[in-house]
Amino acid sequence: FLYTRHALQTIAEFDPKKHRALFLYVPFQNTHAPFEVPKQYVNTSVARQENKQTYLGMGSCMDQGIGNITAALKARGLWDNTLVVFSAE
């Protein structure tokens, strides 16, 4: 939530008339230990096996954050000139 909140604030405050570009590095840590996620994201539709429900919920939480960032870029008219790169180790 912290990374998403910071990204959304940065997008909201960005002034394309003053700056030519906006660079955001958003290093989501959602799919790394510790395996914790708010209860509303726990995916109970899968077998309860070795934190699988929690791990899938962690991915869903991250997806929601990415969706919120994407929506903010579109709302500000920045999406058409945006490059998004996802990377995992």
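## Getting started

Two residues are said to touch, or be in contact, when heavy atoms of one lie within 4.5 Å of heavy atoms of the other. Take Ile66 as a first example: setting aside residues up to four places away in sequence, Ile66 touches Phe28 and Phe86. Keep in mind as you look around that this is a predicted model.

## The overall picture

What does the chain have in the way of helices and strands? It has two helices and zero strands. The helices are H1, covering 2-13, and H2, covering 52-75.

Now for the overall dimensions. Lined up along its principal axes, the chain has C-alpha atoms that fill a box of roughly 50 × 25 × 20 Å. Its radius of gyration is 15 Å, while a compact globule of 89 residues would have one near 12 Å. If you look at contacts with a separation of 6 or more, 52% of them are between residues 24 or more positions apart.

## Surface and charge

How much of the chain is buried? Of the 89 residues, 25% are. The accessible surface adds up to about 7,200 Å², and carbon and sulfur atoms account for 51% of that.

As for charge, there are 9 positive and 7 negative side chains. The centres of these two sets sit 6 Å apart.

## The nonpolar core

Which residues form the largest nonpolar core? There are ten of them: Ala7, Ile11, Phe14, Phe28, Met62, Ile66, Ile69, Ala72, Leu73 and Leu78. Helices H1 and H2 are the elements that each give two or more residues to this core, and H2 has the largest share, with five residues.

Two of the core members are already linked by a contact you have met: Ile66 touches Phe28. Ile66 also touches Phe86.

## A closer look at Phe14

Phe14 is one of the ten core residues, and you'll find it in the loop between H1 and H2. Is Phe14 buried or exposed? Its relative accessibility is 10%, and buried means under 20%, so Phe14 counts as buried.

Leaving out residues up to four places away in sequence, Phe14 touches His19, Ala21, Leu22, Arg76 and Leu78. Leu78 is a member of the core as well. For a sense of distance, try Val37: Phe14 and Val37 are 23 residues apart in sequence, and their C-alpha atoms are 30 Å apart in space.

## Around Thr54 and Pro38

Thr54 belongs to helix H2. With a relative accessibility of 17%, which is under the 20% limit, Thr54 counts as buried. What does Thr54 touch, not counting residues up to four places away in sequence? The answer is Phe35, Glu36 and Val37.

Pro38 sits in the loop between H1 and H2. Its relative accessibility is 28%, so Pro38 counts as partly exposed, the class between 20% and 50%. Along the sequence, Pro38 and Met58 are 20 residues apart; in space, their C-alpha atoms are 8.5 Å apart.

## Two more stops on H2

Ala71 is found in helix H2. Why does Ala71 count as partly exposed? Because its relative accessibility is 44%, a value between 20% and 50%. Ala71 and Leu8 are 63 residues apart along the chain, and 9.5 Å separates their C-alpha atoms.

Gln64 is found in H2 too. Gln64 has a relative accessible area of 39%, so this residue is partly exposed. Which distance separates the C-alpha atoms of Gln64 and Arg20, 44 residues apart along the chain? For that pair, the separation is 28 Å.

Note on methods: Residues are numbered from 1 along each chain as its sequence is written. This is a predicted model: local features need pLDDT of at least 70, side-chain atom pairs count only at pLDDT 80 or more; totals for chains, interfaces and linings use all residues. Side-chain values use heavy atoms; hydrogens and water are left out. Helices (H or I, at least four residues) and strands (E, at least two) are DSSP runs, numbered from the N terminus. The radius of gyration is taken over C-alpha atoms; the globule rule is 2.2 Å times the number of residues to the power 0.38. Buried means under 20% relative accessible area, exposed over 50%, partly exposed in between (1.4 Å probe, protein chains only). Accessible areas come from the Shrake-Rupley method with a 1.4 Å probe; for residues, only the protein chains shown count as cover. Lys and Arg count as positive and Asp and Glu as negative; His and the chain ends are not counted. The place of a charge is taken as NZ of Lys, CZ of Arg, CG of Asp or CD of Glu. A nonpolar core is a set of buried Ala, Val, Leu, Ile, Met, Phe, Trp, Tyr and Cys residues joined through side-chain atoms within 4.5 Å.
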